[in-house]
Amino acid sequence: MFIKNFEKLATTPQRKVVLELIETALSSIQSENVIDRSLKVENDKLTIMDKIFDLSNFERVFLIGFGKGSAKNSKFIEEKLGDKLTEGYVIDASPETFKKIQFTQGTHPLPSPQNVAFTDNLIKRFKELNLTEKDLILVVVCGGGSAMLVHPYKINLDEKIKVEKALLESGADIIEVNTIRQHLSTVKGGGLTEILYPAHVTSLIFSDVPGNNLSYIASGPTVKDSTTIDDAIDLLKKYNLFDKLGLKREDFSENPKEDKYFANVSNILVLSNLTALEAMKKK
């Protein structure tokens, strides 16, 4: 049980019902239960929610994970895939032990040298692999991924941390913050898919963003971005940060918009606050 003093609190039938609903909600969002529900491997068929992949069509299967909870989720995925997994790379603030996946302990909510090094090494490794359409890459995207998958376009890490601190203190909402982040990075706003092209990329997305707009969960590294550099700069000016932070237009990048980078990409929402609500409703 998640509620340690359940019996003490369940003093009436009505209170017991409410406590059981809370237990159901908490159980529904545990990593092992989420992966059990969402991902199945039978023979050469990988099923993620309602999408089926024939693993016999792929020569290699990789896993990338980042954000809070990504390590635990990736551990259960690694167990399900078994020897079908070629290799993987995960960064999280909480450690896990793996068989095939290389783990990096990262920081949150601010980026750090280890977060940048993880992302640098990830990009380098996947460029070395000479990816083709015969490769399948599973990407575990969790909240907090914006801070952990870090590859600034122009500014250095110290400047990036300064921007992040200012955004956290500005009063900007998560959509606004991540719009700005997307255009200061080469891996956000769909940038990761350009790096992994032409492999098949499937993201399992664990949402911490109200409304579950996939573009803004961990700044949407595998989602086609509809915003522009001007949108990001306008938001910084809205909060009087553009000049204050000493930013220049050339510090910002335009995210990939070409359809070819997203033709083999699937973005699947596997967890959100609706998961708990639906579980309570069913109970």
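Reader: Which residue stands opposite K45 in β3, and what makes strand β2 and strand β3 a pair?

Author: K45 stands opposite D54 in β3. Strand β2 (residues 45-48) and strand β3 (residues 51-54), both DSSP runs (E, at least two residues; for helices H or I, at least four; numbered from the N terminus), share four bridges in the antiparallel sense, and because DSSP must find at least two bridges, they pair. This is a predicted model, in which local features need pLDDT of at least 70 and side-chain atom pairs pLDDT 80 or more, while totals for chains, interfaces and linings use all residues. Residues are numbered from 1 along each chain as its sequence is written, and side-chain values use heavy atoms, without hydrogens and water.

Reader: Why are β6 and β9 called edge strands?

Author: Six strands form an open, parallel sheet in the order β6-β5-β4-β7-β8-β9, and β6 (101-105) and β9 (265-271) each pair on one side only. Within this sheet, β7 (residues 135-142) and β8 (residues 200-206) pair over seven bridges, with V141 opposite I205 in β8.

Reader: How do you know that the length of helix α7 is close to the expected one?

Author: Helix α7 (residues 157-170) has 14 residues and reaches 20 Å from its first C-alpha to its last, close to the 20 Å expected, where the expected span is 1.5 Å times one less than the number of residues.

Reader: Which residues of α7 are buried, and what do they pack against?

Author: L157, K160, I161, V163, E164, A166 and L167 are buried, that is, under 20% relative accessible area with a 1.4 Å probe and protein chains only. The buried residues of α7 pack against α5, α8 (174-182) and α10 (229-238), contact being heavy atoms within 4.5 Å.

Technical notes: Buried means under 20% relative accessible area, exposed over 50%, partly exposed in between (1.4 Å probe, protein chains only).
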